[in-house]
Amino acid sequence: MLGMSRRAVGRSFATMLVALGACGLGMSLLASFPSRALAADTTVPGKPALNSASVPASVSLPAPASSPGAASAPTGVDQRVLRSDGGYANLHVFRPPSACSGVAILSPGAGDDRDALAWLGRALSQYGWLTVTMAHKESGRDSLRDRVRNGGLRDGLLALTTDPEVYDDRLEDAGAALHWARMQCRGGPAVFAGHSMGAITVMVEAGAKNKLGLDSDDRFDGYIALSPQGQGPIFPAGAWHDIHKPMLLVTGTRDAPLDGKWQTRTEPFADLPPGCHWLAVVDGATHFNFAGFGYGHGDIEVKVLPLIQRFLDNLRAHRCAVPTPAAGVKFDAK
């Protein structure tokens with residue numbers, strides 16, 4: 001399909017659904033994707049790039065070899081750990097090349113597996129962090145596919161992303177991942193990062209009020225939300241006012257759900273109180289880019305990673321030194 005691998009098609013489909021939020025979309029779009037794409041894996045980074053001039057901007061291209069997440073970067077290893085409820089969490093671990101600086105736990109979006117944030121896992125491990133990405137079985141690719149088949153595109157997505165039990169499972173995964181990682185790396189802070197539905201999970205963990213009856217454990221020292229969610233079926237107005245730990249929020253000017261503008265993703269920052277809270281808006285960045293793919297994602301990562309690195313450095317040093325963002329990034333702090 002337009003030069004996309006089966007892996008890229010499947011990954012694009014899953015994250016595209018999340019990008020739509022809870023909006024209506026005709027079933028003709030679902031029919032345009034081959035059924036095998038729903039079971040496909042993620043794009044393998046580092047392969048030769050296609051000629052971008054001949055490919056539409058909506059098509060996923062592999063990262064160039066010089067970008068973050070290239071083939072020269074370290075490869076993670078799978079790990080299965082026991083959860084407190086007796087279930088198991090499937091993890092993908094990126095170990096730092098030397099002594100660890102802290103622990104980073106990463107939560108991908110609905111319908112994505114742990115490879116969707118591999119670009120970030122690799123980069124953080126190179127910064128010295130023991131990094132663990134989670135494959136949330138209860139809200140992964142197969143679960144999203146089943147919900148779409150049973151309830152249609154809009155209702156299936158809405159049912160998955162507003163299911164309290166699914167978030168309970170995600171938070172169980174996060175607790176198991178943190179416990180395992182702390183047995184490997186006892187020093188330094190712990191940070192929880194997520195994209196899309198993973199960002200919702202991060203916000204719930206951090207203490208955001210919600211309409212799903214979910215409680216906060218607030219087990220981390222800092223939080224990173226890529227493509228955060230504003231007010232809607234999950235978060236009421238004023239949901240984030242009691243979050244006091246450091247938090248970095250990142251969105252883009254093309255990171256908009258169909259039921260609103262990208263600016264809705266800045267609502268959590270506007271509600272956060274003072275306390276080392278940062279907002280970065282990347283010009284031209286899409287929802288796909290923050291998952292680690294989509295045309296031009298390598299350029300977006302180059303702009304985002306220095307901010308994440310500075311945020312993590314601040315956590316380690318117990319400070320909040322405001323960085324100078326790259327060109328094309330609008331930055332705000334309070």
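Which residues does M203 touch, not counting residues up to four places away in sequence? Select M203 and expand the selection. The list is A208, A225, P228, F235, W240, I243, M247, L249 and P268. Keep in mind throughout that this is a predicted model.

**Stop 1: the cores**

Stay on M203 and add I105 and F235. These three touch the most other members of the largest nonpolar core, which has 51 residues. Now colour helix 6. Helix 6 gives the most to this core, with 9 residues.

Next, select A123, W278, F290 and I308. They are included in a second, separate core, and this one has 30 residues.

**Stop 2: helix 6**

Go back to helix 6, residues 164-184. Helix 6 has 21 residues. Put a distance label between its first and last C-alpha. The span is 30 Å, close to the 30 Å expected at 1.5 Å a residue.

Zoom to the start of helix 6. Show the side chain of D163 and the backbone of E165. A side-chain oxygen of D163 comes to within 2.9 Å of the backbone nitrogen of E165.

**Stop 3: the disulfides**

Show the cysteines. How many disulfides does the structure hold? There are 2 disulfides. Count the bonded cysteines along the chain and the pattern reads 1-2, 3-4.

Begin with C100 and C185. Their sulfur atoms are 1.9 Å apart. The angle about the S-S bond is 95°, and the link is right-handed. Which parts does the pair tie together? C100 sits in the loop between strand 2 (88-94) and strand 3 (102-107), while C185 sits in the loop between helix 6 and strand 5 (190-195). The pair therefore ties together parts that are 85 residues apart in sequence.

Switch on a surface. C100 counts as partly exposed, at 31% relative accessibility. C185 counts as buried, at 1%.

Move to C276 and C320. This disulfide has its sulfur atoms 2.2 Å apart. The torsion about its S-S bond is about 95°, so it is right-handed. C276 belongs to the loop between helix 8 (267-271) and strand 8 (277-286). C320 belongs to the loop between helix 10 (297-317) and strand 9 (329-333). The two cysteines tie together parts that are 44 residues apart in sequence.

Check the surface again here. C276 counts as buried at 12% relative accessibility. C320, at 32%, counts as partly exposed.

**Stop 4: the rings**

Show the aromatic side chains. The structure holds 6 aromatic pairs.

Select F235 and W240. Both appear in the contact list of M203. Their ring centres are 5.4 Å apart. The planes meet at 55°, so the pair is tilted. Is F235 buried or exposed? F235 is buried, at 1% relative accessibility. W240 is buried too, with a relative accessible area of 0%.

Now select F288 and F293. This aromatic pair is edge-to-face. Centre to centre, the rings are 5.7 Å apart, with 75° between the planes. F288 counts as partly exposed, at 22% relative accessibility. F293 counts as buried, at 2%.

Finish the rings with F192, F220 and Y223. Ring pairs link these residues into a cluster.

**Stop 5: R83**

Select R83. Where is the place of R83? Look in the loop between strand 1 (77-82) and strand 2. R83 is buried, with a relative accessible area of 6%.

Show the side chains of R83 and D85. A polar contact of 2.8 Å joins them. Then expand around R83, leaving out residues up to four places away in sequence. R83 touches Y88, A89, E138, D169, E172, D173 and A176. Helix 6 covers 164-184, so D169, E172, D173 and A176 are found along that helix.

**Stop 6: H297**

The last selection is H297, in helix 10. H297 counts as buried, at 5% relative accessibility. Show its side chain together with that of E301. The two side chains make a polar contact of 2.6 Å.

Then add A285 and draw a C-alpha to C-alpha distance. H297 and A285 are 7.8 Å apart in space and 12 residues apart in sequence.

Key: Residues numbered from 1 in each chain as written. Predicted model: local features only at pLDDT ≥ 70, side-chain atom pairs only at ≥ 80, totals over all residues. Heavy atoms only, no water. Disulfide = S-S within 2.5 Å. Helix = DSSP H or I, 4+ residues; strand = E, 2+ residues; numbered from the N terminus. Buried < 20%, exposed > 50% of the residue type's maximum accessible area, 1.4 Å probe, protein only. Expected span 1.5 Å × (residues − 1). Polar contact = N/O pair within 3.5 Å; in protein donor to acceptor, adjacent residues only side chain to side chain. Core = buried A, V, L, I, M, F, W, Y, C linked by side-chain atoms within 4.5 Å. Contact = heavy atoms within 4.5 Å. Phe/Tyr/Trp six-rings, centres within 6.5 Å; stacked < 30°, edge-to-face > 60°.
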